[in-house]
Amino acid sequence: MSEWKTICRVEDIPVLGARRVARPAGCDVAVFRNAEDKVFALLDRCPHKGGPLSQGIVFGESVACPLHNWTIGLNDGCAKSPDEGCTTKFSVRVESGMVSLDVDELNSLALDEVKADSPAAIRRAA
Ligand code: FES
């Protein structure tokens, strides 16, 4: 059975925006809220060149990457055609207005990704 870590209240996430959740091992998670108050979580790293998806604009159930405007699906983390690639999706639980993430996923998923704002990622995006 999953262990959940409470992150914040739904209202703590800006509507059509995101909140970053730092992980000790690196590679932050972006927790998004859309206009219908649905909450999604993805690795804060665009599958294109590592842009910070948490700084993108949410529309429907997608987010527009702030760097080159790719559209990334919030349900699956995948770029919309004709673009290709996916970023890691995290499970979200919303109960009584509180948002929680899966502890095992936080401690294990996508820890080998280079941080979007690291010198290596900036070199790669250039
Ligand atoms: S880094 Fe996201 S669209 Fe290029």
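What follows is a chat about how to read a few features of this predicted model.

Reader: Let's start simple. How many helices and strands are there in the protein chain?

Author: The protein chain has 2 helices and 10 strands. Reading from the N terminus, the order is β-β-β-β-β-β-β-β-β-β-α-α. Of its 126 residues, 31% count as buried.

Reader: And what share of the contacts with a separation of 6 or more comes from residues 24 or more positions apart?

Author: Such pairs make up 47% of those contacts in the protein chain.

Reader: Next, the core. Which residues of the largest nonpolar core touch the most other members?

Author: General idea to begin with: nonpolar side chains tend to be buried together in soluble globular proteins. Here the largest nonpolar core has 26 residues, and Ala 30, Val 31, Phe 32 and Ala 41 touch the most other members. At least two residues of this core come from each of strand E3 (29–33), strand E4 (39–43) and strand E10 (98–102). E4 gives the most, with 5 residues.

Reader: Which residues is Ala 41 in contact with, leaving aside neighbours within four places in sequence?

Author: Ala 41 is in contact with Val 29, Ala 30, Val 31, Phe 90, Val 92 and Leu 101.

Reader: Now the sheets. What is the strand order in the open sheet that includes E10?

Author: The order is E1-E10-E9, three strands with antiparallel pairing. E1 and E9 stand at the edges with a single partner strand each, so one side of each has no neighbour in the sheet. From one strand to the next, the twist averages 30 degrees.

Reader: How many bridges join strand E1 to E10?

Author: Strand E1 (residues 4–9) is joined to E10 by 5 bridges, and the two run antiparallel. You can find Cys 8 opposite Val 99, and Trp 4 opposite Asp 102. On the other side of the pairing list, E9 and E10 pair in the antiparallel sense over 4 bridges. Glu 95 has Met 98 as its bridge partner in E10.

Reader: Which residues of E10 are on its covered face, and which on the uncovered one?

Author: The rule of thumb is that side chains in a regular strand alternate between the two faces of the sheet. In E10, Val 99 and Leu 101 make up the covered face, while Met 98, Ser 100 and Asp 102 make up the uncovered one.

Reader: What about the other open sheet, the one with E6: what is its order?

Author: That sheet runs E5-E6-E7, with 3 strands and antiparallel pairing. Strand E5 (57–59) and E7 stand at the edges, each with a single partner strand, so one side of each is left without a neighbour in the sheet. The twist there averages 30 degrees from one strand to the next. E5 and strand E6 (residues 62–64) are joined by 3 bridges and run antiparallel; Val 63 in E6 is the bridge partner of Val 58.

Reader: On to backbone oddities. Which peptide bond is cis?

Author: As a baseline, most residues other than glycine have a negative phi, and most peptide bonds are trans. The bond from Ser 81 to Pro 82 is cis, with omega near 15 degrees. Pro 82 sits in the loop between strand E7 (71–73) and strand E8 (89–90).

Reader: And phi: where does Ser 96 lie, and is Ser 96 buried or exposed?

Author: Ser 96 is in the loop between strand E9 (92–95) and E10, a hairpin with 2 residues between the strands. Ser 96 isn't a glycine, yet its phi is positive, about 50 degrees. Ser 96 is exposed, because 6 other C-beta atoms lie within 10 Å and the cut-off for exposed is 12 or fewer.

Reader: Is Ala 110 buried or exposed?

Author: Ala 110 counts as buried, with 20 C-beta neighbours inside 10 Å. Its phi is positive too, near 55 degrees, and Ala 110 lies in the loop between helix H1 (103–108) and helix H2 (119–125).

Reader: Last one. Which residues does Arg 20 touch, not counting those up to four places away in sequence?

Author: Arg 20, in strand E2 (residues 17–21), touches Asp 28, Ala 30, Asp 44 and Ser 54. Arg 20 is partly exposed, with 14 other C-beta atoms within 10 Å. From Arg 20 to Pro 52 is 32 residues in sequence and 9.7 Å in space, C-alpha to C-alpha.

Notes: Residues numbered from 1 in each chain as written. Predicted model: local features only at pLDDT ≥ 70, side-chain atom pairs only at ≥ 80, totals over all residues. Core = buried A, V, L, I, M, F, W, Y, C linked by C-beta atoms within 7 Å. Contact = placed C-beta atoms within 7 Å. Pairing = 2+ DSSP bridges. Axes fitted to C-alpha atoms, helices over the stretch in contact; angles between N-to-C directions.
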